[in-house]
Amino acid sequence: MYKLKNSSIIMTQSTIPDVQLKNSVREFWNSHPCGTQFTNLEWGSKAFFDEVERFRYATQPFMNTIVGFNRFRGKNVIEIGCGLGTDLMQFARNGAHVTGIDLTPQSIALVKRRFALEGLPVRAMVADAENLPFEDNTFDLVYSFGVLHHTPDTQKAIDEVYRILKPGGNVIIMLYNKTSLHVWLGVPLYVLLRLQKNNSNGKKGGGIVRDWIRVYDGTENPLGKAYSKTEMERMFSKFKNRQYTICDSYRRHLPKLANTVNQKLFASWCGFWRFIKAEK
Ligand SMILES: C[S@@+](CC[C@H](N)C(=O)[O-])C[C@H]1O[C@@H](n2cnc3c(N)ncnc32)[C@H](O)[C@@H]1O
């Protein structure tokens, strides 16, 4: 955090703001664990986890096709930013040895409860994607869905993914897609809406595009970023055999027809979610 230079202590660029930002990210997700917004059921009950899972795969029916939860039987799989552990559970049910880490104690407590209810083993712990508490070359698969664009130093987290992955191991990561209909249509509409309201409530800095991407996860979400394929190619350049898949969730606020049109015509080339699958 600090470097000694000429007998005086200087702060490395943007270190303190990053620490503050990381704390805000932790606070936000700790009080809004991802998936809880779609149900009013009591957190931690079996009915709650069932409903979270049902909703997830109803609105993201392509997950198993893209990820292939059953391809990692007997392998060491880690999910970074596991949230409520819905995807982690699919790997576990299919025979993988699973580890889940998340920045927030709330998510980790819920993941432990979920696996206990199902009687499956899990190693779940609070940890930071930017400083993972694992040895080099530990995992056969590093999986992360919708997480690394919420951490201040995304590149550092990707470098950590590379470090803990075994040689020949797989990575599957989803990051928000900058070259998407969500950005092309959403940003002008967002500008108009804000002009109409004549205020900048909720804006947390970083420009209008960054702000539009941030509010995708809620107006109080402190940080959200999106990347183009060119940017992802650069960020993941150490990985081999890089392949990309673009998709989009069914949007619960959109009418059925708009969702159908989006899925049939746009989602596969300008959806808001871009997966990278690659190897070390
Ligand atoms: C949008 S949620 C996604 C959760 C889960 N992957 C899912 O798909 O439901 C983002 C998650 O990333 C976690 N997160 C954000 N920054 C992180 C970091 N630096 N290290 C670990 N987890 C982080 C948050 O706590 C939150 O649970």
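Q: How do the residues of the shell around the ligand divide into nonpolar, polar and charged?
A: This is a predicted model. In it, 23 residues surround the ligand. Four of the shell residues are charged and nine are polar. The nonpolar residues number ten.

Q: Which residues are the closest to the ligand?
A: The ligand has a shell of 23 residues. Helix α1 (15–31) supplies at least two of them, and so does strand β4 (97–102). The closest are W29, C34, G81, G83 and A129.

Q: In what order do the seven strands of the open sheet stand?
A: The pairing in this sheet is mixed. Neighbouring strands are turned by 15 degrees against each other on average, direction ignored. The order is β5-β4-β3-β6-β7-β9-β8.

Q: Which strands stand at the edges of the sheet?
A: An edge strand here has a single partner strand, so one side of it is left without a neighbour in the sheet. Two strands fit that description. They are β5 (123–126) and β8 (240–247).

Q: Do β6 and β7 pair in the parallel or the antiparallel sense?
A: Strands of a sheet pair through backbone hydrogen bonds, in one sense or the other. Strand β6 covers residues 139–145 and strand β7 covers residues 165–176. Six bridges join them, and V142 stands opposite V171 in β7. The sense is parallel.

Q: Which residue is the bridge partner of I173 in β9?
A: Strands β7 and β9 pair over seven bridges. Their sense is antiparallel. The partner of I173 in β9 is I276.

Q: Which residue in β9 does C247 stand opposite?
A: Strand β9 also pairs with β8, again in the antiparallel sense. Six bridges link β8 and β9. Opposite C247 stands W273.

Q: How many of the seven residues of strand β9 are buried?
A: Strand β9 runs over residues 273–279. The rest of the structure largely encloses it, because most of its residues are buried: the count is five of the seven.

Q: What distance separates the end C-alpha atoms of helix α2?
A: Helix α2 has 14 residues, 46–59. At 1.5 Å a residue, they should span 20 Å. The model agrees with that expected span, and the end atoms are 20 Å apart.

Q: Within what arc do the buried residues of α2 fall, seen down its axis?
A: The buried residues of α2 are F48, F49 and V52. They line one face of the helix. On the other side, A47 and A58 are exposed. The buried residues fall within an arc of 95 degrees.

Q: Is N241 buried or exposed?
A: N241 is in strand β8. Its phi is positive, about 50 degrees, although it is not a glycine. A residue is exposed if 12 or fewer other C-beta atoms lie within 10 Å of its own. N241 has 9 such neighbours, so it counts as exposed.

Q: What is the phi of N137?
A: N137 lies in the loop between β5 and β6. With 13 C-beta neighbours inside 10 Å, it counts as partly exposed. Its phi is positive in a residue other than glycine, near 55 degrees.

Q: How far apart in space are Q37 and G218, C-alpha to C-alpha?
A: Q37 lies in the loop between α1 and α2. It is partly exposed, with 13 other C-beta atoms within 10 Å. Q37 and G218 are 181 residues apart in sequence. In space, they are separated by 9.9 Å.

Technical notes. Residues are numbered from 1 along each chain as its sequence is written. This is a predicted model: local features need pLDDT of at least 70, side-chain atom pairs count only at pLDDT 80 or more; totals for chains, interfaces and linings use all residues. Two strands pair if DSSP finds at least two bridges between them. Helices (H or I, at least four residues) and strands (E, at least two) are DSSP runs, numbered from the N terminus. Axes are lines fitted to C-alpha atoms, for helices over the stretch in contact, and angles run from 0 to 180 degrees between N-to-C directions. A residue is near a molecule or strand if its C-beta atom, placed from the backbone, lies within 6 Å of it. Ala, Val, Leu, Ile, Met, Phe, Trp, Tyr, Cys and Pro count as nonpolar, Asp, Glu, Lys and Arg as charged, and the others, Gly among them, as polar. The expected span of a helix is 1.5 Å times one less than its number of residues. A residue is buried if 20 or more other C-beta atoms lie within 10 Å of its own, exposed if 12 or fewer, and partly exposed in between; C-beta atoms are placed from the backbone. The arc is that of the directions from the helix axis to the C-beta atoms.
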